[in-house]
Amino acid sequence: MIPLSDENVLVRPPFMTWMLVIAVFAVWIVVQGAGFDDLRLVTSICNLGMVPGELTRQAPLGSGIPLAPGLACVIDDSAINFLTPLIAMFLHGGWMHILGNMVFFLVFARAVEDTMGPGRFLAFYLICGLIAAAAQVASDPASPIPTVGASGAISGVMGAYLLLYPRVRIHEFFFFIIFFKIFRLPAWLVLLWWFALQMAEALPSLRTPGADLTGGVAVWAHVGGFLAGMALIHLFVKPEFMAQRRRLMASLQPFHA
């Protein structure tokens, strides 16, 4: 199922949410060539993606992993490696990857930003992304596989949304072959089901360290980001913004005699 929208009403325009979307697409187009040049795309993922084994120095220098026919990503000790947990949040592996991430982000980020303001939301987003990256590194510290994508940071936003708006309805698009339908589901059901799927994929990898049992998806980054969002949300929420939201929601409630 794919989230399409939520039923939250905003007090303020989601300025930082849209700025982050623009930044992600700018990097995708300018740095990664919008995926139209395979060499440019693979080079950006290899050189700027987060490689756990490079950060921990547990992957042998000079060893490599194939990323495309005739192309391999080689472990190095470049100084930029220590910035890759941040840089990798703005990189993606393909059009489906970036579009999927941005759909989830736009559904859940706007109402979370509405409780913080743009500056706090940016800090919250980046911190969740860094914690997500740390969780992925901890799950397989010697991995030579580059990790890219905003999904760890977005998972933090989703964890925050779960605590802030558990009863808000999410419009979910469900499809199976030729059948499709839009359901209105409470956020707690949508988000806990999503988190359960991530855990179901992540836990088997603990029994077989070093094996890619997740299809190349950084599920431990999703788990770590989601839990970070839940843990940090109350440090970033501005009480006066929450009070404004409560007043707005109360004014929209139907009058009962």
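**Close-up 1. The largest nonpolar core of this predicted model holds 54 residues**. Start with the residues that touch the most other members: Phe105, Phe108, Phe121, Val157 and Tyr161. Seen by element, at least two core residues each come from α1, α2 (38-48), α5 (95-113), α6 (118-139), α7 (151-164), α8 (187-207) and α9 (219-236).

**Close-up 2. Phe121 and the residues it touches**. Leaving aside residues up to four places away in sequence, Phe121 is in contact with Met16, Thr17 and Leu20, and also with Phe105, Ala109, Val112, Glu113, Met116 and Val157. Two of these partners, Phe105 and Val157, are named with Phe121 among the residues that touch the most other core members.

**Close-up 3. Thr17, a buried residue of helix α1**. Thr17 lies in α1, which spans residues 15-30. Its relative accessibility is 0%, so Thr17 counts as buried. Have a look at its side chain, which makes a polar contact of 2.7 Å with the side chain of Glu113. Beyond four places in sequence, Thr17 touches Phe105, Leu106, Ala109, Arg110, Glu113 and Phe121. Glu113 is thus a partner worth finding in this view, as it appears both in the polar contact and in the list of residues touched by Thr17.

**Close-up 4. The open sheet, with strand order β1-β4-β5**. Three strands make up this sheet, and their pairing is antiparallel. β1 (2-6) and β5 (179-186) stand at the edges with a single partner strand each, so one side of each has no neighbour in the sheet. On average, neighbouring strands are turned by 25° against each other, direction ignored. Helix α5 packs on the sheet, where it touches β1 and β4; the direction of α5 makes about 30° with that of β1.

**Close-up 5. The antiparallel pair β4 and β5**. Eight bridges join these two strands. To pick out one residue pair, find Glu172, whose bridge partner in β5 is Phe183.

**Close-up 6. Pro166 in the loop between α7 and β4**. This loop leads to β4, which covers residues 169-176. With 24% relative accessibility, Pro166 counts as partly exposed. Not counting residues up to four places away in sequence, Pro166 touches Tyr161, Pro186, Ala187 and Trp188. Tyr161 may be familiar from the opening view, where it is one of the residues that touch the most other core members. If you like a distance to check, Pro166 and Leu191 are 8.8 Å apart in space, C-alpha to C-alpha, and 25 residues apart in sequence.

Methods. Residues are numbered from 1 along each chain as its sequence is written. This is a predicted model: local features need pLDDT of at least 70, side-chain atom pairs count only at pLDDT 80 or more; totals for chains, interfaces and linings use all residues. Side-chain values use heavy atoms; hydrogens and water are left out. Helices (H or I, at least four residues) and strands (E, at least two) are DSSP runs, numbered from the N terminus. Buried means under 20% relative accessible area, exposed over 50%, partly exposed in between (1.4 Å probe, protein chains only). A polar contact is a pair of N or O atoms within 3.5 Å; within protein, one must be able to donate a hydrogen and the other to accept it, and residues adjacent in sequence count only if both atoms are side-chain atoms. Contact means heavy atoms within 4.5 Å. A nonpolar core is a set of buried Ala, Val, Leu, Ile, Met, Phe, Trp, Tyr and Cys residues joined through side-chain atoms within 4.5 Å. Two strands pair if DSSP finds at least two bridges between them. Axes are lines fitted to C-alpha atoms, for helices over the stretch in contact, and angles run from 0 to 180 degrees between N-to-C directions.
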